[in-house]
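I opened this notebook to keep track of what I look up, starting with charged side-chain pairs and ending with one residue and its surroundings.

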Amino acid sequence: MADLPDSAEIVIIGGGVIGLSTACHLGWRGAHDVLLLERHQLTSGTSWHAAGIIGPLRATMNLTRLSVYALEAFERLERETEQSTGYKRTGGFWLAQTEDRMTELKRVADLGLLAGLNARIMNVDDIQARLPMLQTADLTGGMWVAEDGQANPVDVCMAYAKAARHHGVRIFETAAVQMVHTDQRAVKSVELTDGRTIRCKKVVNCAGAWARDLGTRSGIAIPLQAVEHMYVVTEPVANLPLPFPILRDLDSRIYIKEDTGKLVLGGFEPDAKPFDVTASNADVPFLELPEDWEQFEPFMEAGLNRIPTLGECGIQHFMNGPESFTPDTKQVMGETPECSNYFVAAGFNSIGIISSAGVGRVMADWVVDGSAPMDVSDLDIARFEPDMATSDFLNARIREAVASQFEMHWPYKQMKTGRGVRQLAAHGIWCKAGAVFGAPAGWERPLWFATGECDAHDYSYGDQPWWPAAERECLAARDAAVLIDLSPFSKIEISGPEALASLQHVCSADVAISQNRSIYTQLLNERGGIEADGTVTRLGSNRFLFVGAAPSRRRDLTWLQRHLGASILRDVTRNTAVLGLMGPRAGDTWIAAGGDRDALALDFGTSAEFTLAGIKLRASRMSFIGEFGWELYLPWNEAPTLARHLIASGKCHGLIPMGLHAVDCCRMEKGFRHWGHDIGPDDTPIEAGLGFSVGWNKDCGFIGRAALLKQRIHGPDRQLVQLAVTGAHPLLLHDEPIFCNGKLAGHTTSGARGFRTGLALCMAYIPVSEHETLDELGKSKFEISVAGTRFPLTLLTRPPYDPDGHRMRGQTESITT
């Protein structure tokens, strides 16, 4: 390694498919002084033994967008490098053995329509006719995806490497990295195992299954865990039709593909075996683990059942190698919260080859520009809390994560393992009240409260078993009072002489408000896209509180730190509990609990400090469910006492606890946007109908203002609208296709039942002409496809529940006088 440089602008660690794609796309971007280091040989970690299945249709629109790009990138690679990728389009069958699975496939086919893919539902007879060698007696149907195919993983990697070198990227093998050194939370240098050091400004950790261990040495939490992943390669199969389609026998947990006249059979078991990449036998190139026929037997039996002629073939090779998975089965990407300019792209859950092109392009832009070119917030490493990268959590969760690859992707499904990591202070009280818990963002939170209704998770693509409980809670919010534990809200204090000026720079709203007032705002990127949203409350002349969504706490905090500096910020999320006391009888409950009557006179968007049940708290007149009430901020450990006191005081006024599912139903009826679904980094406040929250006339500029001003002048080319299904109540989730006058116009961003209005509601971005109004748009004919069935829609020009906000903003007649 005599020619190894002592400095570089960008260092990529890992010579697998993700690192090489990132290098290639950095080269295509024209990035200079890029260095890739591989500890052994290129592809020798996990890429070399990948199955190479090219399946562009994924479970979400984001993953699908990233995957579809591979079809374009592979063609460009072959054209520019004259290096084959081995890519060939074979088509693929997704097989179903149950009606529930067929419903799921119909929804996935709708997603394919949105992505421009040819996904078609097929009956058993059609499947049998297309591939007679299949045993189909136990099938209910399936889906055909014309764009499915396969590639040679090593050839793909070598094509990336050749393109990268052609564009100036320097690649070194046998250059093992020991750790990344940092200084003041920024990348400083890379140290090799031989002691040599390379100074650099940016690092991209693409070390695959070894990425977590490498990150740990620098204090970076990367939540992934390697497991043993197995497949077998048969001897040549006689009379094998070519091209042989990719087979996913989902309910049997197996996949099958062709390889030079042979068949490759693998799967995702419910009891995967974790693999320790730090073990002494793990640091070897092209690592193969021992054969484990006992572990593989269920896959073999499933394969013989589906293709009986496999019983006539011998097994040429048993492959067992490490593969990394993440807690939520989505990869981790982006700049790490712990360290500026330390990027990660790892944990690809066995879809690294198909993901590589899209991920490489996104990572190259992210590294060069300092921000992602598209909304990948659901893949951002900052979505994970550090406690989700611990060995204890990962060892508990990872088997379930592997199994979930081919299991039913039920709506509202909750993981069973790795639970109880973070509990609410009042957890025990909610247990006694009949709470059925989920763990969104790692917090154990009540989803609904069972009082004779469904008291456990019973998943369905039809009417949800928890709907009766949610209906009871929503109607209590409308007619009486509810108590909601909102404690996981992200809560960040900003203080100091520069607090106001700093917030004005990053907030779209004018936060120069009077003390004890609150205002809704977004944090925007330079494109005007919404990186976060929440409320800002002025606690003092130089002290503010930003309150945002629970799942984005770490992401919001990191974003604020990078734009404001860490010195003026203090994360008080786990110091401060929040209880929402809402509903027309919330005031009666407050008085019955001994509360100060002054709280009843607070205007909406204001707050004040009070003492209740001997507890000092701040009562803030805000509501995400559209009813009168307060968010009560108090010391974390006092939450059980206050919750118990309010429940007892409100019992005679009809107060009951409310879970998150009901909260979502209520916010949908009010047309309140949900960050991560309805709004995100690709959506502007103008497009989202949130222009009211932009401080156009404040004295200083703010991030994203220039982009918004341009859009304000010309008008947006799309608009977030709310729609209601006419005469039916299908299960609306997200990513359902929306049609306008018979043509595909967009897709839903979120959906829910509205129990106070009796409507099935959704939101969607719809193309609009310059300065076209909602009233004009509403004259069009709208439809929605839900699992292949179309339903008529009505476009709503105003929220269907209390559109003028009288209930939320004003006192109600039932409050004690």
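Before counting anything I fixed the term: a salt bridge here is a side-chain nitrogen of Lys or Arg within 4 Å of a carboxyl oxygen of Asp or Glu. I also noted that what I have in front of me is a predicted model.

Entry 1, the count. I searched the whole structure with that term in hand, and the search returned 43 salt bridges.

Entry 2, K330 and D378. I looked up this pair and found a salt bridge whose closest N and O atoms are 3.7 Å apart. K330 sits in the loop between β17 (315–325) and β18 (332–335), while D378 sits in the loop between α8 (352–369) and α9 (391–403), so the bridge ties together parts that are 48 residues apart in sequence. I then checked the accessibility of K330, which comes out as partly exposed at a relative accessible area of 21%.

Entry 3, R555 and D380. Staying with the loop between α8 and α9, I turned to D380, which lies there, and to R555 in helix α13 (residues 553–564). Their side chains form a salt bridge, 3.3 Å from N to O, and because of where the two residues lie, the pair ties together parts that are 175 residues apart in sequence. Both R555 and D380 are buried.

Entry 4, D387 and R574. Another salt bridge joins the side chains of D387 and R574, with an N to O distance of 3.7 Å. D387 is again in the loop between α8 and α9, and R574 is in the loop between β28 (569–571) and β29 (576–582), so this pair ties together parts that are 187 residues apart in sequence. Are the two partners buried or partly exposed? I found D387 buried, with a relative accessible area of 19%, whereas R574 counts as partly exposed at 46%. The value for D387 needs the cut-off beside it, because buried means under 20%.

Entry 5, a network. I also looked for linked bridges and noted that E627, E669, R756 and R807 are joined in a network of salt bridges.

Entry 6, T748. Lastly I located T748 in strand β36 (residues 743–754), where I read a relative accessible area of 1%, so T748 is buried. Which residue's side chain does the side chain of T748 meet in a polar contact? It is E736, at 2.4 Å. Leaving aside residues up to four places away in sequence, T748 touches H734, D735, E736, I738, C762, M763, A764 and I784.

Definitions and conventions
Residues numbered from 1 in each chain as written. Predicted model: local features only at pLDDT ≥ 70, side-chain atom pairs only at ≥ 80, totals over all residues. Heavy atoms only, no water. Helix = DSSP H or I, 4+ residues; strand = E, 2+ residues; numbered from the N terminus. Buried < 20%, exposed > 50% of the residue type's maximum accessible area, 1.4 Å probe, protein only. Polar contact = N/O pair within 3.5 Å; in protein donor to acceptor, adjacent residues only side chain to side chain. Contact = heavy atoms within 4.5 Å.
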